[in-house]
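Student: I've got this one open on my screen and I'd like a close look at a single part, rather than a quick tour. Could you pick a starting spot and talk me through what surrounds it?

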Amino acid sequence: MDNIGRAKEVVIMDKFESVRVLKSKTVYNKHGRQVVEDTLEFADGSKHEWVYFKGGGAVGIAAFTEDNKMILTKQYRHPFGKVVLDLPGGGVEEEETSLEAAQREFEEETGFTANKLEGIGKYSPGPSTQIVVDIFFTRDVKLKGKFNGEEIVNVELMDFKTVLKKVLEGECFDSALVIAVLLVALKKLLP
């Protein structure tokens with residue numbers, strides 16, 4: 001980087017040295033979702049409105065049977081107007097740890113239980129949210145009952161290589177699923 005580039009970077013970094021919230025208001029608070037609009041003032045005096053989802057954490061579970069079939073859910077996603085393949089998971093409730101949420105959500109959404117869940121990564125869905133999603137991995141699953149038919153269209157067991165191919169070709173685009181599949185592949189968690 002040349003001197004001009006470094007100078008621009010320093011000026012930009014100085015702008016974010018201090019950020020003050022001048023005003024904060026909740027514009028939506030329903031169904032466990034809260035949208036907040038903040039008016040910010042930066043160190044250089046400039047102001048910016050920032051709208052974001054406020055909330056606790058979320059979890060996704062990359063679960064596999066003994067023969068490396070990935071346990072996936074199909075859910076209707078209204079913004080897309082269609083049913084999509086995704087990773088079992090959901091929100092962390094108050095007074096609940098991420099691990100407890102992962103165990104609860106996995107059973108609710110798939111009918112399976114997991115005796116051992118291992119955290120393998122986390123991510124933020126984007127700049128317009130403060131939610132962090134914890135990704136868990138397990139190969140220790142047992143079918144216990146039925147999935148919640150009000151949320152889930154179907155539970156599918158799919159060979160991991162097929163899921164990986166669908167992710168790499170853009171056929172599967174659920175962010176938790178994409179990230180979990182890439183983590184499992186890069187960390188070589190399956191035999």
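**Starting from one tyrosine**

Tutor: Let's start with Tyr 76, which is partly exposed, at a relative accessible area of 45%. Keep in mind that this is a predicted model. Tyr 76 sits in strand β5, and together with Val 83 and Val 153 it makes a nonpolar patch of about 270 Å² on the surface. For scale, the protein as a whole exposes about 11900 Å², with carbon and sulfur atoms supplying 53% of that.

Strand β5 (69-77) also takes us to a helix, since the buried residues of α3 pack against β5, as well as against β12 (154-159) and α4 (175-186). Which residues of α3 are buried? Across residues 160-168 they are Phe 160, Val 163, Lys 166 and Val 167. Look down the axis of α3 and these buried residues fall within an arc of 125°, so they line one face of the helix. Spin the helix around, and the face turned away from that buried side carries Lys 161 and Leu 168, both exposed.

The two ends of α3 deserve a glance too. At its start, a side-chain oxygen of Asp 159 comes to within 3.1 Å of the backbone nitrogen of Lys 161. After the helix comes Gly 170, with a positive phi, near 80°.

You may have noticed a lysine in that buried list. What does the side chain of Lys 166 meet? It forms a salt bridge with the side chain of Glu 171, at 2.7 Å from N to O. Glu 171 is partly exposed, with a relative accessible area of 49%, while Lys 166 is among the buried residues of α3.

That pair is a good way into the charged side chains, as the structure holds 13 salt bridges. For another buried charged residue, go to Arg 104 in helix α2 (residues 98-110). Its relative accessible area is 18%, so with the cut-off for buried at under 20% it makes the list. What does Arg 104 pair with? One partner is Glu 108, with the closest N and O atoms 3.6 Å apart. Both lie in α2, 4 residues apart, about one turn of the helix. Glu 108 counts as partly exposed, at 31% relative accessibility.

Arg 104 has other company as well. Its side chain makes a polar contact with the side chain of Glu 105, at 3.0 Å. Leave aside the neighbours within four places in sequence, and Arg 104 is in contact with Gly 91, Glu 93 and Glu 96. Put the charges together and you get a network of salt bridges linking Glu 93, Glu 96, Arg 104, Glu 105 and Glu 108.

Stay on α2 for one more pair: Glu 107 forms a salt bridge with Lys 144, the closest N and O atoms being 3.3 Å apart. This one links distant parts of the chain, with Glu 107 in α2 and Lys 144 in the loop between β11 (141-143) and β12, 37 residues apart. Lys 144 is exposed, with a relative accessible area of 58%, and Glu 107 is partly exposed, at 30%.

Now zoom out. The protein has 4 helices and 12 strands, and 36% of its 191 residues count as buried. Of the contacts with a separation of 6 or more, 57% are between residues 24 or more positions apart.

Technical notes. Residues numbered from 1 in each chain as written. Predicted model: local features only at pLDDT ≥ 70, side-chain atom pairs only at ≥ 80, totals over all residues. Heavy atoms only, no water. Buried < 20%, exposed > 50% of the residue type's maximum accessible area, 1.4 Å probe, protein only. Arc of directions from axis to C-beta. Contact = heavy atoms within 4.5 Å. Polar contact = N/O pair within 3.5 Å; in protein donor to acceptor, adjacent residues only side chain to side chain. Patch = residues over 30% accessible without salt bridge, like charges linked within 9 Å, V, L, I, M, F, W, Y side chains within 5 Å. Areas by Shrake-Rupley, 256 points an atom, 1.4 Å probe, with all protein chains shown as cover. Salt bridge = Lys/Arg side-chain N within 4 Å of Asp/Glu carboxyl O.
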